[in-house]
Amino acid sequence: MPSTHAIAGLITRLHDPHYARWAAQIRATGGCRQPIHLRGHVHHLDPATGRRLHSYTTATEPDGILRVPCKTRRVSRCPACAETYRADTYQLIRAGLVGGKGVPETVTAHPCLFVTLTAPSFGLVHARREKNGKVLPCHARRDAPTCPHGRVMSCTARHSAEETCLGEPLCPDCYDYAGSVLFNALSPELWRRFTLALRRNVAKAAGLTVRELREQAVVSFAKVAEYQRRGVVHFHAVIRLDGPDGPASPPPAWASADVLADAVRHAVSAVTVTAPAAGDEPARVLRWGAQLDVRPITLDGELTDQAVAGYIAKYATKAAECVGTLDRRVSPLDDLAALPLREHARRLIAECLRLGALDELADLRLAQWAHMLGFRGHFSTKSRRYSTTLGDIRQERADYMRDEAVSTGRLPLFDEDTVLIVSHWEYAGQGYSLGDAVLAAALTRRSLPASPAPEEVHDASI
Ligand SMILES: [Zn+2]
Ligand SMILES: [Zn+2]
Ligand SMILES: [Zn+2]
């Protein structure tokens with residue numbers, strides 16, 4: 001139920017003589033939950049005479065501001081903008097699989113894999129395991145050892161998918177929290193080393209040097225990071241082998257999905273990254289987990305282009321919040337014990353703060369990224385030649401909306417080369433008052449389509 005304060009605000013807005021214009025602004029934000037407020041103006045001038053051809057100022061808008069979408073990718077912050085981001089990411093990934101957005105359809109014939117790289121184990125965690133549709137016991141072990149803290153390292157429960165203990169350690173006191181956050185912090189570097197090793201391995205399989213490979217083939221990829229419930233990231237990636245000029249050029253005759261898959265397996269097992277010794281912590285060598293999933297993507301097989309694009313796009317809008325951490329930075333003034341955190345996340349954050357204070361690990365900026373459990377990489381990345389860019393997809397939409405505005409007479413049509421555009425904008429806040437929020441939700445309510453997702457890869461734990 002809206003509060004009386006919200007209702008009072010709502011009634012004031014409804015009686016505002018500018019209500020219709022306000023509602024139009026809100027509709028134009030597409031249901032953004034926290035629109036950015038801009039104050040400013042734009043003038044279109046004739047460069048020869050200085051005559052003002054068209055002007056727009058926010059001074060005549062409701063509240064003197066223009067509201068624009070926040071464009072976040074994070075569904076926890078703004079479902080509407082995250083949905084736009086998800087749809088754009090879907091288009092981007094799919095274009096790299098079946099063509100479109102400037103990528104020729106012949107790309108479907110190129111060797112292409114869907115690969116999941118996991119983190120290693122940092123201690124036993126409660127897990128839901130399934131085999132042939134049957135749920136298996138979590139960690140059933142005869143003669144299970146008892147840890148130094150007196151806990152038996154066994155769990156015979158068959159966990160349901162919603163159980164809150166999933167991803168929680170069997171013994172929090174044995175769990176390697178330092179290893180977990182260091183893995184997150186160094187995983188972007190481990191990924192980078194993996195891509196270099198992959199190119200080396202593909203070259204080797206073809207009997208070429210890396211330099212010679214460039215003249216015959218390009219390895220392209222698009223990837224997203226996903227948090228497992230135990231609080232470490234793993235990566236889902238589309239990896240494709242093209243000819244020397246990218247998706248438009250056919251791959252050489254030796255290039256096959258098998259050659260690519262072998263090169264992926266070798267690269268995954270070979271690469272490491274070392275966290276330096278710091279304080280009482282010894283140096284440690286980090287590598288990918290043993291659980292590796294490599295599957296060919298086909299148009300009609302078990303793993304289709306649509307499923308892969310949907311899967312990657314879905315994860316592109318998530319961050320660490322599903323692990324039970326915070327959706328914002330942890331400040332030095334925060335009382336960790338008082339924050340609404342899952343206990344496991346609290347310990348991971350505390351470990352980030354502890355390690356982040358050590359000089360040798362300063363580069364990892366663990367304290368600043370404690371709310372992300374140490375991970376400070378990009379959530380979705382792609383190599384230059386994978387397909388189009390999110391920027392191009394957004395521009396296409398902006399052009400379309402501009403054309404529409406011109407054709408419906410809302411914007412005068414000028415040739416941008418012959419008009420001088422002078423504009424000034426400033427940030428004037430963000431979000432809604434309580435009453436406006438209720439009204440905006442009513443104006444822009446829409447259901448979010450679910451994305452297709454193949455079965456999920458479960459937490460790796462040994
Ligand atoms: Zn938004
Ligand atoms: Zn269990
Ligand atoms: Zn223990």
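In this predicted model, the residues that hold the zinc ion (ligand 2) follow the sequence spacing H-x11-C-x16-C-x3-H. The two cysteines of this set, C138 and C155, both sit in the loop between β6 (134–136) and α4 (177–205), 17 residues apart. The protein donors are H126 through ND1, C138 through SG, C155 through SG and H159 through NE2, and they lie 2.0 to 2.4 Å from the ion. The 4 donor atoms subtend angles of 104 to 114 degrees around the zinc ion (ligand 2), which makes the arrangement tetrahedral. For comparison, the ideal angle for four tetrahedral donors is 109.5 degrees. C138 counts as buried because its relative accessibility is 2%, and C155, at 10%, counts as buried as well.

The loop between β6 and α4 also takes part in binding the zinc ion (ligand 3), through C147 and C171, which are 24 residues apart. Coordination of this ion comes from C147 (SG), H149 (ND1), C171 (SG) and C174 (SG), at 2.0 to 2.3 Å. The spacing of these donor residues along the chain reads C-x1-H-x21-C-x2-C. The site is tetrahedral, with angles of 102 to 115 degrees among its 4 donor atoms. Both C147 and C171 are buried.

The zinc ion (ligand 1) has four cysteines as its protein donors: C32, C70, C78 and C81, each through SG, at 2.2 to 2.3 Å. Their spacing in sequence is C-x37-C-x7-C-x2-C. Distant parts of the chain are linked here, since C32 belongs to the loop between α2 and β1 (36–45), while C78 belongs to the loop between β3 and α3 (79–98), 46 residues away. The donor atoms of the zinc ion (ligand 1) subtend angles of 105 to 114 degrees, and the arrangement is therefore tetrahedral. C32 is buried, with a relative accessible area of 3%, and C78 is buried at 0% relative accessibility.

The loop between β3 and α3 also contains K71. K71 is not a glycine, yet it has a positive phi of about 60 degrees. At 58% relative accessibility, K71 counts as exposed. A second positive phi in a residue other than glycine, near 50 degrees, is found at N132. N132 is placed in the loop between β5 (129–131) and β6, and its 79% relative accessibility makes it exposed.

Turning to the interior, the largest nonpolar core has 68 residues, and those with the most contacts inside it are F194, L198, I239, V264 and W288. At least two residues of this core come from each of β4 (112–117), α4, β7 (218–227), β8 (233–242), α6 (257–270), β9 and α8 (343–356). The largest share, 14 residues, is supplied by α4. Beyond its neighbours up to four places away in sequence, I239 touches P111, C112, L113, V115, F194, L198, V219, S220, F221, L260 and V264. Another core, of 23 residues, lies apart from the largest one and has I93, L97, F114 and V308 among its members.

Helix α10 (residues 434–444) has G435, D436, L439, A440 and T444 as its buried residues. Seen down the axis of α10, these residues fall within an arc of 140 degrees, so they line one face of the helix. Among the elements that cover them are α1 (4–15), α2 (19–28) and β3 (66–68).

Helix α7 (residues 305–316) is where Q306 is found. Q306 is partly exposed, with a relative accessible area of 42%. Between Q306 and D359 there are 46 Å in space, C-alpha to C-alpha, for a sequence separation of 53 residues.

A few words on confidence help in reading the model. The chain averages a pLDDT of 86, and 92% of the residues score at least 70. Confidence is highest in strand β9 (residues 273–275), at 97, and lowest in helix α9 (residues 390–407), at a mean of 74. Over residues 446–462, pLDDT stays under 50, and the model has 50 contacts beyond four places in sequence for this stretch. Where pLDDT is low, predicted coordinates should not be read in detail.

Terms used:
Residues numbered from 1 in each chain as written. Chains lettered and ligands numbered in written order. Predicted model: local features only at pLDDT ≥ 70, side-chain atom pairs only at ≥ 80, totals over all residues. Heavy atoms only, no water. Buried < 20%, exposed > 50% of the residue type's maximum accessible area, 1.4 Å probe, protein only. Helix = DSSP H or I, 4+ residues; strand = E, 2+ residues; numbered from the N terminus. Arc of directions from axis to C-beta. Contact = heavy atoms within 4.5 Å. Donors = N, O, S within 2.8 Å, 3.2 Å for Na, K, Ca; no water. Tetrahedral: all angles 85-135°; square planar, octahedral: opposite > 155°, others 65-115°. pLDDT = per-residue confidence, 0-100. Core = buried A, V, L, I, M, F, W, Y, C linked by side-chain atoms within 4.5 Å.
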